[in-house]
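Please read the following walk-through alongside the sequence and the coordinates. It moves from the chain as a whole to its strands and helices, and then to some details of the backbone.

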Amino acid sequence: HSKLSNINNSMGSSSGFLYQNNKNHMDSSKSGKSGGYNQGSIQRPFKRSGEVLAAQRRKTTSSSNNNNLDSSNVYYQKKVYHAMSATEFLPFYLLNKKQIANTMFIYTFLLDPSHTLGIKTVERHLQVRGKLPSSNEVIIREYTPVSHNKVKGKFDLAVKLYPNGKMSQIFANFKNGDSIEMRGPLGDVSIEMPEFENIAKIGRGPNFETNFNEMKNISMVAGGSGITPMLQILKSDTAQVSDVQFCLLFANRTLGDVPFFKDLMHLSQNNKNITIFFYLSQGPLPSAPIAGCNIEIGRIGEKHLRDVIFPPRKDSALLICGPEEFETSMCAVGEYIGFLKDNIYVF
């Protein structure tokens, strides 16, 4: 995750890593205060997903290094359309690029025509590996697919382009037919929703079948491109035929920065179990009211987590994704108002 002080800035990746035990302290001078709680006084032992990803990238880069990205690689000599592999980086070719917000683009890549991405339990992400032309430095980042998990032959990644981002430099120069290496799907958090039941099974780690919690209410708090894992969950068939209740709070700077606005409005208007609230830190509000749209000026804080999302109970989960300081702040607020640590999931 990028270290941004504005909670409504977007981040470059959305990963399936989680709220877990390793020492990390809040810095109240950076994250600020909300309501009557002091973030700096809350000791929350968990490892930032960025630390986990950085360690993985170092390991992957040292083990594979630059040889697998050399232009003499057989995959670069002839286009081969692959199924996605969770263990091996393979090249995937760009079919189309489309801008959906001020700095957010959808990149559509080709798969083997007979295969889907193989996502069975959301939330899952892909590792993307490229090389900077200027320095030959190998860059690895994580992105959550936003296309439906049953689509065959292609898939979509939502990518926010940062002015000084290393992977952004690679994506910004992409042309149709160009390739980049990926592997997946990966993720430490698994979510299953049995059809027409009012529970979701949420578990961490490889022992999902025997180690999960049953949740009836799922609250989601997202900032910028942190919407991608939430969208993957909400777009799944199981979410839309389940009686599990979803409430999403989505923060951005302006209306033009909101990615997937139409998709989210469609989900909330056509599913009684999905409610969505939009928050803009800068505004302005739309010139004319949008039917069925809950939108206001302001930042997400303690009041919203108390009054808008589902109350903290044993069967209520809180899912969080966004810039690092946004996630840290929302975790502190969630724990302060009563959410159990085991019920807070950071992607």
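Helices and strands are here DSSP runs, a helix (H or I) having at least four residues and a strand (E) at least two, and they are numbered from the N terminus. With that convention, Asn136 is found in the loop between strand S3 (125-131) and strand S4 (138-143), a position to which the text returns below. The model is a predicted one, and every value that follows should be read with that in mind.

The protein chain holds nine helices and 15 strands. Of its 347 residues, 54% count as buried, and the accessible surface comes to about 15300 Å², with 47% of this belonging to carbon and sulfur atoms. Among the contacts with a separation of 6 or more, 72% are between residues 24 or more positions apart.

The strands may be taken up from the N-terminal side. Strand S1 (residues 90-99) is joined to S2 by a hairpin of four residues, and the two strands pair in the antiparallel sense over five bridges, one example being Lys97, whose bridge partner in S2 is Tyr107. S1 also runs antiparallel to strand S6 (residues 179-186), to which four bridges join it; here the bridge partner of Tyr93 is Ser179 in S6. Strand S2 (residues 104-110), for its part, pairs with S5 in the antiparallel sense over seven bridges, and within that pairing Met104 stands opposite Lys160 of S5. Strand S5 (residues 154-160) has five of its seven residues buried, and is therefore largely enclosed by the rest of the structure.

A further set of strands forms an open sheet of three, in the order S7-S8-S9 and with antiparallel pairing. Because strand S7 (189-192) and strand S9 (213-215) each have a single partner strand, they stand at the edges, and one side of each is left without a neighbour in the sheet. On average, neighbouring strands of this sheet are turned by 25° against each other, direction ignored. Strand S8 (residues 200-204) is joined to S9 by three bridges, the two running antiparallel, and Lys201 has Glu214 in S9 as its bridge partner. In general terms, the strands of a sheet pair through backbone hydrogen bonds, either parallel or antiparallel.

Among the helices, H7 (residues 261-270) shows how burial can be distributed around an axis. Its buried residues are Phe261, Leu264, Met265, Leu267 and Ser268; seen down the axis of H7, these fall within an arc of 160°, so they line one face of the helix. On the other side of H7, Lys262, His266 and Gln269 are exposed. The buried residues of H7 pack against helix H5 (227-235), helix H6 (237-240), strand S11 (245-252) and strand S12 (274-280).

What, then, is the setting of H5, with eight of its nine residues buried? That count means that H5 is largely enclosed by the rest of the structure, and the buried residues in question are Ile227, Thr228, Pro229, Met230, Leu231, Gln232, Ile233 and Leu234.

The backbone deserves a separate look. Most residues other than glycine have a negative phi, and most peptide bonds are trans. Asn136, in the S3-S4 loop introduced at the outset, has a phi near 65°, a positive value in a residue other than glycine, and Asn136 is partly exposed, with a relative accessible area of 41%. Phe260, which lies in the loop between S11 and H7, likewise has a positive phi, near 65°, but Phe260 is buried, with a relative accessible area of 8%.

Cis peptide bonds come next. One joins Gly184 and Pro185, with omega at about -5°, and Pro185 lies in strand S6. Another joins Gly283 and Pro284, with omega at about 0°, and Pro284 lies in the loop between S12 and strand S13 (294-297).

Finally, the cysteines can be considered. The structure holds zero disulfides. Cys247 has a relative accessibility of 4% and so counts as buried, while Cys293, with a relative accessible area of 13%, is buried as well; both assignments rest on the cut-off by which buried means under 20% relative accessible area.

Technical notes: Residues are numbered from 1 along each chain as its sequence is written. This is a predicted model: local features need pLDDT of at least 70, side-chain atom pairs count only at pLDDT 80 or more; totals for chains, interfaces and linings use all residues. Side-chain values use heavy atoms; hydrogens and water are left out. Two strands pair if DSSP finds at least two bridges between them. Axes are lines fitted to C-alpha atoms, for helices over the stretch in contact, and angles run from 0 to 180 degrees between N-to-C directions. A disulfide is a pair of cysteine sulfur atoms within 2.5 Å. Buried means under 20% relative accessible area, exposed over 50%, partly exposed in between (1.4 Å probe, protein chains only). The arc is that of the directions from the helix axis to the C-beta atoms. Contact means heavy atoms within 4.5 Å. Accessible areas come from the Shrake-Rupley method with a 1.4 Å probe; for residues, only the protein chains shown count as cover.
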